[in-house]
Amino acid sequence: MATHKKYNLGNKTSALGRGLDALISTESVSTHGSSTINEIPLDQIEPNPNQPRRDFEQVGLEELANSIKQLGIVQPITLRQIADHKYQIVAGERRWRASQLAGLTAIPAYIRMIKDENVMELALVENIQREDLNAIEIALAYEHLVEKSGMTQERVAERVSKSRAAVANYLRLLKLPAQVQMALQKKEIDMGHARALLSLDDPSLQLKLFKEIQKNGYSVRKVEELCQQLKNGEDITSAKKKIAAKSKLPEEFNILKKRLSDFFDTKVQMSCNANGKGKISIPFASEEELLHIMEVMDKMK
């Protein structure tokens with residue numbers, strides 16, 4: 001174990017704070033170590049090559065680095081010792097990177113002796129619980145656990161406290177065309193868009209509809225409707241026309257919509273189905289516009 005400066009925190013739970021012990025049952029994970037925090041030199045630490053997280057936004061890192069300069073490291077990172085004076089990150093790579101930007105030479109860390117096969121699992125759970133990973137990173141991490149660790153999907157779901165269906169849905173994302181996966185990774189489309197595209201069996205059709213999403217900014221609901229039309233044998237052009245015809249408001253509703261827009265001095269939105277049910281929404285682009293709408297409604301009273 002390291003012989004660096006130590007901070008006695010009494011017990012393992014307090015040492016980790018909101019750490020891995022609070023996120024995953026470690027009863028079946030082989031770990032050893034004292035209930036102390038060690039201050040480890042940054043140059044003795046290396047990232048985990050199997051870390052599920054791949055993207056570290058520079059702006060976010062710089063903001064964290066500024067926070068570290070002012071407050072220091074609030075939560076220690078978690079390391080495992082891999083050689084004399086050599087450690088690998090289990091959880092906290094973002095804090096390690098930001099500490100380098102902040103000019104620190106050492107960082108407080110909780111040291112764990114962990115078997116190789118457990119490292120990916122712990123890193124994955126730590127990131128998922130903090131919602132740090134994008135959907136593709138999560139899917140790749142699940143795939144790694146299934147293929148490298150020999151886990152079943154049921155076992156992966158159990159270990160990360162997700163349903164088997166949720167794990168299966170993430171793994172299915174890896175069957176999408178590369179362009180779609182990249183857009184999902186960059187958060188240019190939502191998980192809902194991706195799930196809708198997966199309902200189509202033809203990758204070329206998935207790509208065509210994906211380009212329509214990029215071009216028109218379709219909502220998840222709109223993509224789901226388009227996918228249903230495509231599965232019914234329509235092409236994209238005819239599917240768009242059918243949905244547009246279904247959603248077209250009768251003339252009297254258009255007149256009412258215009259009157260409301262003029263009354264509130266904003267573009268009122270209205271939807272209505274064939275049974276006459278629908279909704280009216282009044283958008284606002286600023287606090288000033290909201291105050292104006294409220295003033296108008298107060299006058300109505």
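This passage walks through the overall make-up of the chain, one helix pair, two aromatic pairs and a strand residue.

The structure is a predicted model, and the values below are best read with that in mind. The chain contains 15 helices and eight strands. Of its 301 residues, 41% count as buried. The accessible surface amounts to about 17,300 Å², and carbon and sulfur atoms account for 48% of that area. Contacts across the sequence are also worth a look: among those between residues at least 6 apart, 67% join residues at least 24 apart.

A helix pair comes next. Two packed helices are described by the angle between their axes and the distance between the axes. For helix α11 (residues 203-216) and helix α12 (residues 220-231), the axes come within 12 Å and cross at roughly 145°. The crossing of α11 past α12 is right-handed. On the α11 side, the contact involves L205, L209 and I213, which meet V223, L226, C227 and L230 of α12. By residue class, this contact consists of seven nonpolar residues, with no polar and no charged ones.

Aromatic rings offer another view of the fold. A pair of such rings is described by the distance of the centres and the angle of the planes. Two aromatic pairs are present in the structure. One of them joins Y142 and Y170 in an edge-to-face arrangement, at 5.7 Å centre to centre and with 75° between the planes. Y142 belongs to helix α6 (residues 135-148) and Y170 to helix α8 (residues 164-172), so this pair ties together parts that are 28 residues apart in sequence. Y142 has a relative accessibility of 1% and therefore counts as buried, the cut-off being under 20%.

F263 and F264 form an aromatic pair as well, again edge-to-face, with 5.2 Å centre to centre and 85° between the planes. How exposed or buried is each of the two rings' residues, F263 and F264? F263 is partly exposed, because its relative accessible area of 44% falls between the cut-offs of 20% and 50%. F264, at 6% relative accessibility, counts as buried.

The last residue to visit is M270, located in strand β7 (residues 269-272). Its relative accessible area is 12%, so M270 is buried. M270 and S281 are eleven residues apart in sequence, and their C-alpha atoms are 6.4 Å apart in space.

Terms used
Residues numbered from 1 in each chain as written. Predicted model: local features only at pLDDT ≥ 70, side-chain atom pairs only at ≥ 80, totals over all residues. Heavy atoms only, no water. Helix = DSSP H or I, 4+ residues; strand = E, 2+ residues; numbered from the N terminus. Buried < 20%, exposed > 50% of the residue type's maximum accessible area, 1.4 Å probe, protein only. Phe/Tyr/Trp six-rings, centres within 6.5 Å; stacked < 30°, edge-to-face > 60°. Axes fitted to C-alpha atoms, helices over the stretch in contact; angles between N-to-C directions. Left-handed = near helix turned anticlockwise from the far one by under 90°. Contact = heavy atoms within 4.5 Å. Nonpolar A, V, L, I, M, F, W, Y, C, P; charged D, E, K, R; others polar. Areas by Shrake-Rupley, 256 points an atom, 1.4 Å probe, with all protein chains shown as cover.
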